[in-house]
Amino acid sequence: MSHNPYAPPEARVVGRAASFDGAQQVWRAGDRAVFRPGDDLPPRCVKCNADAEQPVKERAMHWHTPWLYLLLLVSILIYVIVALIVRKSAKVSPGLCAEHRLARRNIILGSWLAALAGMGLMALSIDRSSGPLALLAAAVMLGSLIFGMVKGRIVYPTHIDAQRIELKGCGEAFLASLPQRR
Ligand SMILES: [Zn+2]
């Protein structure tokens, strides 16, 4: 008996239109999930391909060409203004199963607790007038916030334009359930 662990669950018409079949609209290109604007991900966990916990939250994703980061060398303000003008946005509903939703919640909670610990360290460094302790506190705060932002993302766009949305961060089980195209 052959059993494909990556095969999508049989009953996966959940929410949205009953005719919704994500496998037709979403495809895989390497390590990215790709679809057209107006379409969306199927209601399955993007990490392990189990049925997604309902309701799946719709999230706004933004993307601009990485070249724009060169503007940071000129001015942060100019970068922010230009990025806000030229960035492309898309509404995406990346699903998570109960287990992966909990794991994500714990990462976000943990990074906030670490940031709070960093703030405590900062107060202590001021109390003791300790420069090295203040540096350590700043590193802990910044590090935990960046960790939370990066690890707390469910998926993130690597390209958005009028024809195509590309997302990274999906698990292999989810990607393997999608048809392969460019
Ligand atoms: Zn999962």
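# Notebook: a helix pair, a sheet and some odd backbone spots

**Entry 1: the helix pair.** I started with helix H3 (residues 98-128) and helix H4 (residues 131-151), which pack with their axes 8 Å apart at an angle of about 165 degrees. Angles over 145 count as roughly antiparallel, so H3 is roughly antiparallel to H4. I also looked up the handedness: H3 passes H4 in a left-handed crossing. Then I sorted the residues in the contact of H3 with H4 by class and got 18 nonpolar, five polar and two charged. A reminder to myself before going on: this is a predicted model.

**Entry 2: Met122, on the H3 side.** I picked Met122, which lies in helix H3. Which residues does Met122 touch, leaving out those up to four places away in sequence? I found Ala134 and Ala137. Next I checked two C-alpha distances. Met122 and Leu136 are 14 residues apart along the chain, and their C-alpha atoms are separated by 8.2 Å. For Ala138 and Met122, 16 residues apart along the chain, the C-alpha separation is 7.2 Å. Is Met122 buried or exposed? Neither label fits: a residue needs 20 or more other C-beta atoms within 10 Å to be buried and 12 or fewer to be exposed, and Met122 has 17, so Met122 is partly exposed.

**Entry 3: Ala138, on the H4 side.** I moved across to Ala138, which lies in helix H4. I counted 14 other C-beta atoms within 10 Å of Ala138, so Ala138 is partly exposed too.

**Entry 4: the link between the two helices.** I stopped at Ser129, whose place is in the loop between H3 and H4. The phi of Ser129 is near 50 degrees, which is a positive value in a residue other than glycine. Ser129 counts as exposed, because I get 8 C-beta neighbours inside 10 Å.

**Entry 5: stepping back.** I wanted the overall layout before looking at the strands. How many helices and strands does the protein have? The secondary structure comes to five helices and six strands. Read from the N terminus on, the elements run α-β-β-β-α-β-α-α-β-β-α. I also looked at burial as a whole: of the 182 residues in the protein, buried ones make up 19%. Then I took the contacts with a separation of 6 or more, and 70% of them are between residues 24 or more positions apart.

**Entry 6: the sheet.** In what order do the strands of the sheet sit? I wrote down S1-S2-S6-S5: four strands in an open sheet, with antiparallel pairing. The edges are strand S1 (27-29) and strand S5 (156-160), each of which pairs on one side only. Neighbouring strands of this sheet are turned by 35 degrees against each other on average, direction ignored. As a background note, strands of a sheet pair through backbone hydrogen bonds, either parallel or antiparallel.

**Entry 7: S6 and its partners.** I followed strand S6 (residues 165-168) to strand S2 (residues 32-35): the two run antiparallel and are joined by three bridges. Ala33 has Leu167 in S6 as its bridge partner. I then turned to S5, which pairs with S6 in the antiparallel sense over four bridges. His159 stands opposite Glu166 in S6. A hairpin through four residues joins S5 to S6.

Which side chains of S6 are buried, and which are not? I see an alternation along S6: Ile165 and Leu167 point to one face and are buried, whereas Glu166 and Lys168 point to the other face and are not. That puts two residues from my pairing notes into context: Leu167, the bridge partner of Ala33, is buried, while Glu166, opposite His159, is not.

**Entry 8: the loop after S2.** Last, I went through the loop between S2 and strand S3 (59-63), where Pro55 has its place. The peptide bond from Gln54 to Pro55 is cis, with omega near -5 degrees. Asn49 lies in the loop between S2 and S3 as well. The phi of Asn49 is positive, about 75 degrees, although Asn49 is not a glycine. Is Asn49 buried or exposed? I counted 26 other C-beta atoms within 10 Å, so Asn49 is buried. For contrast I went back to Ser129, which also has a positive phi but counts as exposed.

Methods:
Residues numbered from 1 in each chain as written. Predicted model: local features only at pLDDT ≥ 70, side-chain atom pairs only at ≥ 80, totals over all residues. Pairing = 2+ DSSP bridges. Axes fitted to C-alpha atoms, helices over the stretch in contact; angles between N-to-C directions. Contact = placed C-beta atoms within 7 Å. Parallel < 35°, antiparallel > 145°, perpendicular 65-115°, else oblique. Left-handed = near helix turned anticlockwise from the far one by under 90°. Nonpolar A, V, L, I, M, F, W, Y, C, P; charged D, E, K, R; others polar.
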